[in-house]
Amino acid sequence: MPWTQINTEFANWLLLHPDVNKATSKIFKEFSDEKFPSAIINQTIWGVRSQKKHQQARVFRRMWCSFNNQNLKVEKNGDFYTVSFPMLEKRIGVPVVARSYQQQWLDRIIDGMAKQGTARLYKKKR
């Protein structure tokens with residue numbers, strides 16, 4: 001089952017859970033026996049709490065896997081940028097195609113002059 005589907009089902013299950021405000025990554029074991037990265041679980045819990053409290057969310061059509069600034073690394077090798085994030089057994093690096101203005105921000109993140117926010121892993125058309 002694709003991770004986005006698992007994450008969406010978990011988020012919808014979590015919306016109905018009575019102890020969502022006390023939830024930790026261990027709550028995923030109540031939902032499923034499958035292995036799933038705790039970094040994604042924690043971001044999903046945070047997102048569900050926020051959506052439930054501030055926007056009274058009732059159902060999620062799609063909850064993309066997301067990573068916070070502690071779990072996502074931006075690196076530069078030569079002229080190429082990569083973004084890496086934790087998966088089940090190891091980190092996965094993805095090459096990034098960036099325009100010049102985006103490269104300036106990526107360089108600032110690498111140098112510690114800018115703070116990186118949450119990143120989402122999603123599929124664009126095709």
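Which residues form one aromatic cluster? In this predicted model, the cluster is made up of Trp3, Phe10, Trp13, Phe28, Phe31 and Phe36. A search of the whole structure finds eight aromatic pairs. The pair of Trp13 and Phe31 is tilted, because the ring centres lie 5.5 Å apart and the planes meet at 50 degrees. This contact links distant parts of the chain, since Trp13 belongs to helix α1 (residues 3-16) and Phe31 to helix α2 (residues 28-31), with the two positions 18 residues apart in numbering. Trp13 has a relative accessibility of 27% and therefore counts as partly exposed. Phe31, with a relative accessible area of 24%, is likewise partly exposed. The rings of Phe28 and Phe36 have their centres 5.3 Å apart and their planes at 15 degrees, so this pair is stacked. The angle falls under the 30 degrees required for stacking. Both Phe28 and Phe36 are buried.

A contact between a charge and a ring involves Arg108 and Trp105. The charged end of Arg108 sits over the ring of Trp105, at 4.5 Å from the ring centre.

Open space in the model was examined next. Rolling a probe the size of a water molecule over the atoms shows where empty space is left. The largest pocket holds about 520 Å³ of space. Its lining comprises 23 residues, of which Leu72, Val83, Val96, Ala119 and Arg120 are the closest to the pocket centre. At least two lining residues are supplied by each of β3 (80-86), β4 (91-96), α4 (100-111) and β5 (119-121). Helix α4 provides the largest share, with four residues. In terms of residue class, the lining of the largest pocket contains 16 nonpolar, four polar and three charged residues.

The second largest pocket encloses about 210 Å³ of space. Helix α3 (residues 38-55) gives the most to the lining of this pocket, contributing five residues. The lining residues are Gln43, Trp46, Gly47, Ser50, Gln51, Phe60, Arg62, Met63, Trp64, Ser66, Thr118 and Arg120. By class, the lining of the second largest pocket divides into four nonpolar, six polar and two charged residues. Arg120 appears in the linings of both the largest pocket and the second largest pocket.

Terms used:
Residues are numbered from 1 along each chain as its sequence is written. This is a predicted model: local features need pLDDT of at least 70, side-chain atom pairs count only at pLDDT 80 or more; totals for chains, interfaces and linings use all residues. Side-chain values use heavy atoms; hydrogens and water are left out. On a 1 Å grid over the protein atoms alone, a cavity is a set of points where a 1.4 Å probe fits but cannot get out, and a pocket is an open set with protein on both sides within 12 Å along at least five of seven lines; lining residues have an atom within 4 Å of a point. Grid points are joined across faces, edges and corners, and a volume is the space filled by probe spheres set on the points. Ala, Val, Leu, Ile, Met, Phe, Trp, Tyr, Cys and Pro count as nonpolar, Asp, Glu, Lys and Arg as charged, and the others, Gly among them, as polar. Rings of Phe, Tyr and Trp (its six-membered ring) pair if their centres lie within 6.5 Å; planes under 30 degrees apart count as stacked, over 60 as edge-to-face and the rest as tilted. Buried means under 20% relative accessible area, exposed over 50%, partly exposed in between (1.4 Å probe, protein chains only). A charge sits over a ring if NZ of Lys or CZ of Arg is within 6 Å of the ring centre and within 35 degrees of the ring normal.
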